[in-house]
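Thanks for coming. I will keep this short and go through one structure with you.

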Amino acid sequence: MSYTLHRGDALTVLKSLPDESVNAVITDPPYNSGGRTSSERTGRTARAKYVTSNSAHDLANFPGENRDQRSYRSWLTELLTEAYRASTEHAVAMVFTDWRQEPTTTDALQMAGWTWSGTLPWIKPASRPRKGGPKQDSEFIVWGVKGSLDHSRDLYLPGHYIASQPRKGRVHITQKPVEIMQQLVQVCPEGGTVLDPFTGSGSTGVAALREGRNFVGVELSPHYADVAEQRLHAELTKDDFDLAGPES
Ligand SMILES: C[S@@+](CC[C@H](N)C(=O)[O-])C[C@H]1O[C@@H](n2cnc3c(N)ncnc32)[C@H](O)[C@@H]1O
């Protein structure tokens, strides 16, 4: 298995990818959620949005969280259009989002050419109760396909996923659980290539390599690109280490 991690802007890099060079797109873009006013959009960082004030961790901020609704939709559409071009027939796209941005994300997916095929709940048991109303314990994975699903594959996946955000050893503010990503990457045929234009700390890539898929990622933040590089390298060389044992 192998991986390529591009350091830079997702849209710029995607434009340089050859046609039909990846077999699945699994990604977790900056949600750009909750920016109701201009000052909220420009004044609140990802940390301010997604990290509670009494949080135990002090993880780095990340860029790309200041778009309003309309520019988020056109930007995501352009991105998913390039991802569509770079994907093979039958490829599946899976895009993480939250309840606020779910309508925008499904619009962008369809405008980019993908056939929207469903929205999968990701339920996080370790989340806070809300006084006076329902607990906000879910995010969503909007998914679609280029053409039709490959019905020749003997593949059956769950329609919802349950796992809390990683706590121990957490390295990214919005890190996704690798155990969920390992199930999602099954949509890519074994030996194929998974694309994640918003790699973050590399959870999609780690899962892809672990499950016998290649990985192409893009990350704009130099800090998180370093984190992803370390995790991807460790995953790829883990078998060598297991076989050889620790150096004495
Ligand atoms: C929601 S996080 C992804 C977290 C990832 N799923 C994980 O488990 O670590 C989105 C990532 O996209 C990166 N990003 C923001 N704008 C970007 C852009 N224009 N091009 C590439 N990466 C970008 C951010 O730095 C951030 O790390």
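I will start with the ligand and then turn to a pocket.

First, the ground rules. This is a predicted model, where local features need pLDDT of at least 70, side-chain atom pairs count only at pLDDT 80 or more, and totals for chains, interfaces and linings use all residues. Residues are numbered from 1 along each chain as its sequence is written, and side-chain values use heavy atoms, with hydrogens and water left out.

Now the ligand. It is surrounded by 21 residues, each with a heavy atom within 4 Å of it. The closest are Asp9, Asp28, Ser201, Ser203 and Glu219. By class, that shell has 8 nonpolar, 9 polar and 4 charged residues; Ala, Val, Leu, Ile, Met, Phe, Trp, Tyr, Cys and Pro count as nonpolar, Asp, Glu, Lys and Arg as charged, and the others, Gly among them, as polar.

Which ligand atom does serine 201 approach? A polar side-chain atom of serine 201 lies 2.6 Å from an oxygen atom of the ligand. For serine 203, a polar side-chain atom also lies 2.6 Å from a ligand oxygen atom. Leucine 220 uses its backbone: an N or O atom there lies 3.2 Å from a nitrogen atom of the ligand.

Next, the lining of the second largest pocket (an open set of 1 Å grid points, over the protein atoms alone, where a 1.4 Å probe fits, with protein on both sides within 12 Å along at least five of seven lines; lining residues have an atom within 4 Å of a point). Its 21 lining residues include Val92, Leu149, Leu155, Leu157 and Val187, which lie nearest its centre. That lining divides into 13 nonpolar, 5 polar and 3 charged residues.

Technical notes
A polar contact is a pair of N or O atoms within 3.5 Å; within protein, one must be able to donate a hydrogen and the other to accept it, and residues adjacent in sequence count only if both atoms are side-chain atoms.
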